[in-house]
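Please read these notes with the structure open beside you. They go from the overall layout to smaller details.

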Amino acid sequence: MSDTLAARGRISLTRYLIELERDADEGAALPPSLRLLIEVVARACKQIAHEVGKGALGGVLGEAGTGNIQGEAQKKLDVIANEILLEANEWGGHLAAMASEEMATVFPIPGHYPRGEYLLLFDPLDGSSNIDVNVSIGTIFSVLRCAEGSRPSENDFLQAGKLQAAAGYAVYGPQTQLVLTLGHGVAVFTLDRETHSWILTDDQVRIPEDTKEFAINMSNRRHWEAPVTRYVDELLAGRTGPLGKDFNMRWIASMVADVHRILTRGGVFMYPRDAREPEKPGKLRLLYEANPMGFIVEQAGGAATDGAMRILDIEPAKLHQRVAVFLGSKNEVDRITAYHA
Ligand code: AHM
Ligand code: MG
């Protein structure tokens with residue numbers, strides 16, 4: 001730990017990014033407009049954290065009374081967080097357009113603001129079912145480059161996850177943390193609630209290759225496909241089964257919180273496709289959830305697949321495309337992927 005950047009003193013997110021911007025050595029310097037983008041998203045996440053923290057006192061709990069494109073009922077905080085991210089990001093000149101899990105179509109930057117070279121995608125409030133019960137929730141974001149030229153359309157967003165310029169999430173839990181990758185590892189910042197600044201607390205995040213912990217919503221067992229049932233049965237068989245060791249289970253029902261635990265101490269997260277909605281391959285969204293989380297997990301030494309292929313290699317066909325997700329400790333993700341073969 002003593003050799004990490006985080007251990008060398010209080011390094012703010014701004015300083016961390018400025019140092020990456022100056023880092024011309026490896027030809028991998030962070031472009032100033034991408035730095036601005038990350039700073040703006042991080043500032044918006046602080047504002048969302050503030051709204052989340054108000055709870056019943058701020059009237060932010062409960063249903064919004066509207067539905068999103070996925071046919072899911074929106075919570076008030078889904079809508080509030082979406083608005084915060086749009087307002088924070090529309091005027092800075094760093095973006096060409098945005099897309100959100102909570103909006104039917106893409107949001108082009110209004111014509112009276114300068115247009116930048118990036119596309120921002122987000123799940124403004126992940127883990128919505130946990131809002132009202134005061135369990136960790138988060139914001140997930142992904143950054144793509146935009147082809148130059150005409151007004152961006154949905155097509156511009158349909159890029160494989162391996163092309164992401166950056167990805168991250170904020171987790172609103174006992175601590176508020178921001179996890180970020182720019183393609184050179186994963187850094188974690190903790191919100192200092194006294195100074196309201198993001199301070200680097202880990203820049204050497206590594207997911208152990210082996211694990212004894214898994215995460216899946218077991219209530220869907222009867223709807224799973226055979227490889228998933230086989231694998232989970234083996235996990236449950238523990239020491240006396242083919243895997244030869246006991247496994248523990250956690251399921252928070254906030255992907256951000258489950259992934260955050262896996263980044264911290266390892267584990268395997270699964271949201272398989274199942275027979276409940278046969279036309280939809282899984283619950284989670286490729287562009288707002290699976291791609292950014294897949295990028296982060298790989299950058300921390302883990303793996304992410306849909307059972308058949310690497311998440312980051314999937315060519316998206318639709319903005320709100322869904323996908324099966326297996327991610328986390330490499331050896332277990334490899335095993336479940338092999339079971340699908
Ligand atoms: P959301 O973005 O509407 O909150 O939905 C995504 C969430 C994930 O965070 C979580 O892993 C999953 O849905 C939980 O689903 P379930 O309630 O089926 O267990
Ligand atoms: Mg979500």
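The points below cover the domains, the sheet, the helices against it and the cavity.

1. Before anything else, note that this is a predicted model. The positions discussed here should be read with that in mind.

2. How is the chain divided? The domain assignment gives domain 1 as residues 5-202 and domain 2 as residues 213-340. In the contact between these two domains, domain 1 takes part with 48 residues and domain 2 with 33 residues. Taken over C-alpha atoms, the centres of domain 1 and domain 2 are 23 Å apart.

3. Next, the sheet. Which order do its strands follow? The open sheet has 8 strands, and reading across it gives β4-β3-β5-β6-β7-β8-β9-β10. Its pairing is mixed. The edges are β4 (107-108) and β10 (197-202), and each of these strands pairs on one side only. When you trace a strand by eye, keep in mind that side chains in a regular strand alternate between the two faces of the sheet.

4. Look now at the end of the sheet that holds β8, β9 and β10. Strand β8 (residues 176-181) and strand β9 (residues 186-192) run antiparallel and are joined by 5 bridges. To find the register, start from T181, which stands opposite V186 in β9.

5. Strand β9 also runs antiparallel to β10, again with 5 bridges joining the two. Here V188 stands opposite D202 in β10. The two strands form a hairpin with 4 residues between them. In the turn, H196 has a positive phi of about 60°, a value worth finding on a plot of backbone angles.

6. Which strands does each helix lie across? Helix α1 (residues 13-22) lies across β8, β9 and β10, and its direction makes an angle of about 10° with β8. Helix α2 (residues 32-54) lies across β3 (95-100), β5 (118-126), β6 (137-145), β7 (166-172), β8, β9 and β10. The angle between α2 and β5 is about 15°. Strands β8, β9 and β10 therefore appear in the lists for both helices, by the contact cut-off of heavy atoms within 4.5 Å.

7. Last, the interior space. How many cavities of 30 Å³ or more does a search of the whole structure find? The search finds 1. The largest cavity holds about 30 Å³ of space. Its lining consists of I216, N217, N220, W224, M270, Y271, P272 and D274. Sorted by class, this lining has 5 nonpolar, 2 polar and 1 charged residues.

Terms used: Residues are numbered from 1 along each chain as its sequence is written. Chains are lettered from A and ligands numbered from 1 in the order in which they are written. This is a predicted model: local features need pLDDT of at least 70, side-chain atom pairs count only at pLDDT 80 or more; totals for chains, interfaces and linings use all residues. Side-chain values use heavy atoms; hydrogens and water are left out. On a 1 Å grid over the protein atoms alone, a cavity is a set of points where a 1.4 Å probe fits but cannot get out, and a pocket is an open set with protein on both sides within 12 Å along at least five of seven lines; lining residues have an atom within 4 Å of a point. Grid points are joined across faces, edges and corners, and a volume is the space filled by probe spheres set on the points. Ala, Val, Leu, Ile, Met, Phe, Trp, Tyr, Cys and Pro count as nonpolar, Asp, Glu, Lys and Arg as charged, and the others, Gly among them, as polar. Two strands pair if DSSP finds at least two bridges between them. Axes are lines fitted to C-alpha atoms, for helices over the stretch in contact, and angles run from 0 to 180 degrees between N-to-C directions. Domain bounds come from an automatic or database domain assignment.
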